[in-house]
Amino acid sequence: MGKVTVAAVQHCASQDVDANLHTLTALSRRAAEQGADIITWAEAFAYLGPHAGKKQILEPLPEGGPILEHCRNLAVDLQCELLLGGFHEAVPQDPDRCYNTSVYLDRQGEIVATYRKIHLFDVAIENGPTLRESKQTAPGHELVTARSCLGPVGLTICYDLRFPQLYQGLVDKGAVAMTVPSAFTYTTGKMHWHP
């Protein structure tokens with residue numbers, strides 16, 4: 001295997017989906033121009049805000065909708081593999097909830113793998129925020145690796161990083177690298193980024 005360049009696009013998403021996708025597209029173009037083979041995006045890349053707004057943009061997988069179509073076209077245009085760090089996936093049997101899903105696209109814009117976040121972040125911090133991801137997000141149950149130009153890549157999301165058995169399981173499945181796209185708050189980020 002030759003040299004593989006991976007770009008981590010750093011972006012603070014807002015509630016404006018179009019603006020988020022515009023920024024991500026521009027940053028990804030720059031990464032591709034600098035030789036990136038794989039471009040990774042953060043958790044909640046398209047929308048970060050109240051759940052009511054999120055429910056309006058949920059898309060089913062694998063068929064998707066306008067957000068997935070934009071991403072698929074970008075992967076083809078840039079000729080890069082693209083990790084959609086945290087995609088807001090519709091849960092067909094429960095329209096009030098969603099999956100927090102990592103989607104791996106190949107250079108042809110095809111979905112190579114999808115991973116639904118297993119470990120949901122529920123916490124009440126003294127003198128800080130109370131976060132209940134499980135209230136609005138359904139958990140996944142499967143360990144997933146994606147076929148990439150780097151080799152098998154283990155897909156995880158954010159709070160998963162606190163569960164070493166997940167990573168051991170991915171190594172056992174052949175993963176040579178791991179992704180951990182995240183969107184921590186300032187308070188919780190201080191507690192988790194070092195690990």
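**View 1. Mostly nonpolar residues line the second largest pocket of this predicted model.** Sorting the lining of the second largest pocket by residue type gives 21 nonpolar residues, five polar ones and one charged one. The pocket itself has a volume of about 520 Å³. Which residues should you look for at its centre? Of the 27 lining residues, Q10, W41, A42, P181 and S182 are the closest to that point.

**View 2. Three strands each give two or more residues to the pocket lining.** Follow β1 (6–8), β2 (38–40) and β10 (177–179) to find these contributors to the second largest pocket. Which element gives the most? That is β10, with three residues in the lining.

**View 3. The largest nonpolar core brings together 26 residues.** Good places to start are I39, W41, F45, I67, L82 and L84, the residues with the most contacts inside this core. Helices α1 (17–33) and α3 (66–78) each supply at least two core residues, and so do strands β3 (81–90) and β4 (98–105). Of the elements here, α3 gives the most, with six residues.

**View 4. W41 belongs to both the core and the pocket lining.** Let's zoom in on this tryptophan and set aside its neighbours within four places in sequence. What is W41 then in contact with? Its partners are V9, L24, S28, C71, L74, L82, L83, L84, G85 and P181. Among these, L82 and L84 are also listed with the most contacts inside the largest core, while P181 is one of the residues closest to the centre of the second largest pocket.

**View 5. Another core lies apart from the largest one.** This core has 16 residues, including I38, A113, L155 and C158.

Key. Residues numbered from 1 in each chain as written. Predicted model: local features only at pLDDT ≥ 70, side-chain atom pairs only at ≥ 80, totals over all residues. Heavy atoms only, no water. Core = buried A, V, L, I, M, F, W, Y, C linked by side-chain atoms within 4.5 Å. Buried < 20%, exposed > 50% of the residue type's maximum accessible area, 1.4 Å probe, protein only. Helix = DSSP H or I, 4+ residues; strand = E, 2+ residues; numbered from the N terminus. Contact = heavy atoms within 4.5 Å. 1 Å grid on protein atoms, 1.4 Å probe; cavity = no way out; pocket = protein on both sides within 12 Å on 5 of 7 lines; lining within 4 Å. Points joined across faces, edges and corners; volume = space filled by probe spheres on them. Nonpolar A, V, L, I, M, F, W, Y, C, P; charged D, E, K, R; others polar.
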